[in-house]
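I opened this notebook to record what I looked up in one structure. The entries run from the whole chain down to single residues.

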Amino acid sequence: MSVLEMKIPSPGESITEVEIATWLVQDGDYVEKDQPIAEVDSDKATLELPAEESGIITLKAEEGDVVQVGDVVCLIDRSASKPEGNSVSNKIKTVPKSASEAIQESKEAEAKTSYATGTPSPAAKKILDEKGIEPLQVKGTGRAGRITKEDAIVASVPAMGMADSGGTRGSTKTKLSVLRRKLAARLVAVKNETAMLTTFNEVDMSEIFRIRKQYKDEFSEKHGVGLGFMSFFTKAVTRALQLYPDVNASMDGDFKVNYDFCDISVAVSGPKGLMVPVLRNAENLSFRGVEANIKLLAERVRDGKITVDEMTGGTFTITNGGVFGSMLSTPIINPPQSAILGMHNIIQRPVAIEGRVEIRPMMYLALSYDHRLIDGKESVGFLVAVKEAIDNPVEFLMNGDEKRALEL
């Protein structure tokens, strides 16, 4: 028998263990080479584990198990031939049941029947009789489904005077993934270990609306991507970071680390939660470059193909709660960064323009920052710089030439 031991590969630097989130195959299935067989959670991402060879698979770990990088999690029998026809099960054929196994199954079936009739213990029966509750209405939690005294007490609570709405009162308990547990720990650490403050402003989206309406079809036809809001905000942020370099910094013990590049983390919602892939050297990207890179990274997040390296680093984060309808929020810093910009939904509101009241598409912006590194002057100045670029993108982001900036 030619058996391959499949081991957990290293998802990225500094990651030593992962959790088996979901097996995509079952024990005894025939798998093809490169077929995804499992999803594994690290503290940074959820990744697919592909089969290294074709053959019959034997699982060596359960869902929820935490395994070390390099541990064997399954075996693949490469000598096994592929089952023929779609009607043939992929699993190894089960051996006939022995007499003892048949007797055991008979006992289990009998126990299930006992539960189905709602057999109560003597103490439970007394309580149920007193309250006029039929045993069939109670789910037993005792051995083989037997109704215990505690089950009867819980079932009798509505009959003792509490209002019974007739709705279900069930609950489920699900273990958090490694990624969610790590995220929770980091968020608590940010609140406890940083001096986080948030400052707010509002921007007028009128000019961006005009530019998108005027050029979106031509831009899409020429570049193959849409002209969205994120390219304007990314370029506004990189300009402001260059004006206020302390916002583009992080703390390392007693030292401040300033970066001469702008790696922008962009929050993207995916099947496994919020991911923050990074736009490298965003200060050098054109409108087309920003939109193309964000589209690519968003697709990789939603397809579950994003890598740890693509989410590592970042000197500043942009998150857009507006896509979910958020009007205003205080985003939490993405450590070890020192600041994060929160975008929100766009609402038509009356505003004063040169003494007149006009209806404009307005958006609230929020900048959360670490006060240990960034003073109020820098934080407010940074957000004002973003505001002036969004209010007047032609002057501050396009050098007065819209078509040239959009490469049209």
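The entries below concern a predicted model.

**Entry 1: the whole chain**

I began with the secondary structure and noted 11 helices and 19 strands in the protein chain. The chain has 408 residues, of which 39% count as buried. I then looked up the exposed surface, which comes to about 23,100 Å², with carbon and sulfur atoms supplying 51% of it. For contacts with a separation of 6 or more, I recorded that 64% join residues 24 or more positions apart.

**Entry 2: cysteines**

How many disulfides does a search of the whole structure find? I recorded 0 disulfides. I also looked up the accessibility of two cysteines. C74 has 0% relative accessibility and C262 has 3%; buried means under 20%, so both count as buried.

**Entry 3: helices α6 and α7**

I next examined helix α6, residues 229-243, and helix α7, residues 287-302. They pack at an angle of about 115°, and their axes are 9 Å apart. I noted the crossing of α6 past α7 as right-handed.

Which residues of α6 and α7 meet? From α6 I listed F229, M230, S231, F232, T234 and K235. From α7 I listed F287, V290, E291 and I294. I sorted the residues of this contact by character and obtained 6 nonpolar, 2 polar and 2 charged.

**Entry 4: a cis peptide bond**

I checked the peptide bond from P335 to P336 and found it to be cis, with omega near 5°. P336 belongs to the loop between β16 (316-320) and β17 (339-343).

**Entry 5: positive phi angles**

I looked up two residues that have a positive phi although neither is a glycine. For E354, phi is about 50°. I located E354 in the loop between β18 (346-353) and β19 (356-370). Is E354 buried or exposed? Its relative accessibility is 72%, and exposed means over 50%, so E354 counts as exposed.

For N399, I recorded a phi near 50°. N399 lies in the loop between α10 (393-397) and α11 (402-405). I noted that N399 counts as exposed because its relative accessibility is 73%, which is over 50%.

**Entry 6: L365**

I turned to L365, which lies in strand β19. L365 counts as buried because its relative accessibility is 0%, which is under 20%. I then compared sequence and space for L365 and V203: they are 162 residues apart in sequence, while their C-alpha atoms are 7.3 Å apart.

I listed the contacts of L365, leaving aside its neighbours within four places in sequence. Among them are T199, F200, N201, V203 and F233. The list also includes L341, G342, M343 and H344, together with L383 and V386.

**Entry 7: S177**

My last search concerned S177, in the loop between α3 (149-156) and α4 (178-193). I recorded a relative accessible area of 23% for S177; this falls between the 20% and 50% cut-offs, so S177 is partly exposed.

Which residues is S177 in contact with, leaving aside its neighbours within four places in sequence? I found E19 and D41. S177 and E19 are 158 residues apart along the chain, and I noted 7.6 Å between their C-alpha atoms.

Technical notes
Residues are numbered from 1 along each chain as its sequence is written. This is a predicted model: local features need pLDDT of at least 70, side-chain atom pairs count only at pLDDT 80 or more; totals for chains, interfaces and linings use all residues. Side-chain values use heavy atoms; hydrogens and water are left out. Axes are lines fitted to C-alpha atoms, for helices over the stretch in contact, and angles run from 0 to 180 degrees between N-to-C directions. Helices (H or I, at least four residues) and strands (E, at least two) are DSSP runs, numbered from the N terminus. A crossing is left-handed if the near helix is turned anticlockwise from the far one by less than a right angle, and right-handed if clockwise. Contact means heavy atoms within 4.5 Å. Ala, Val, Leu, Ile, Met, Phe, Trp, Tyr, Cys and Pro count as nonpolar, Asp, Glu, Lys and Arg as charged, and the others, Gly among them, as polar. A disulfide is a pair of cysteine sulfur atoms within 2.5 Å. Buried means under 20% relative accessible area, exposed over 50%, partly exposed in between (1.4 Å probe, protein chains only). Accessible areas come from the Shrake-Rupley method with a 1.4 Å probe; for residues, only the protein chains shown count as cover.
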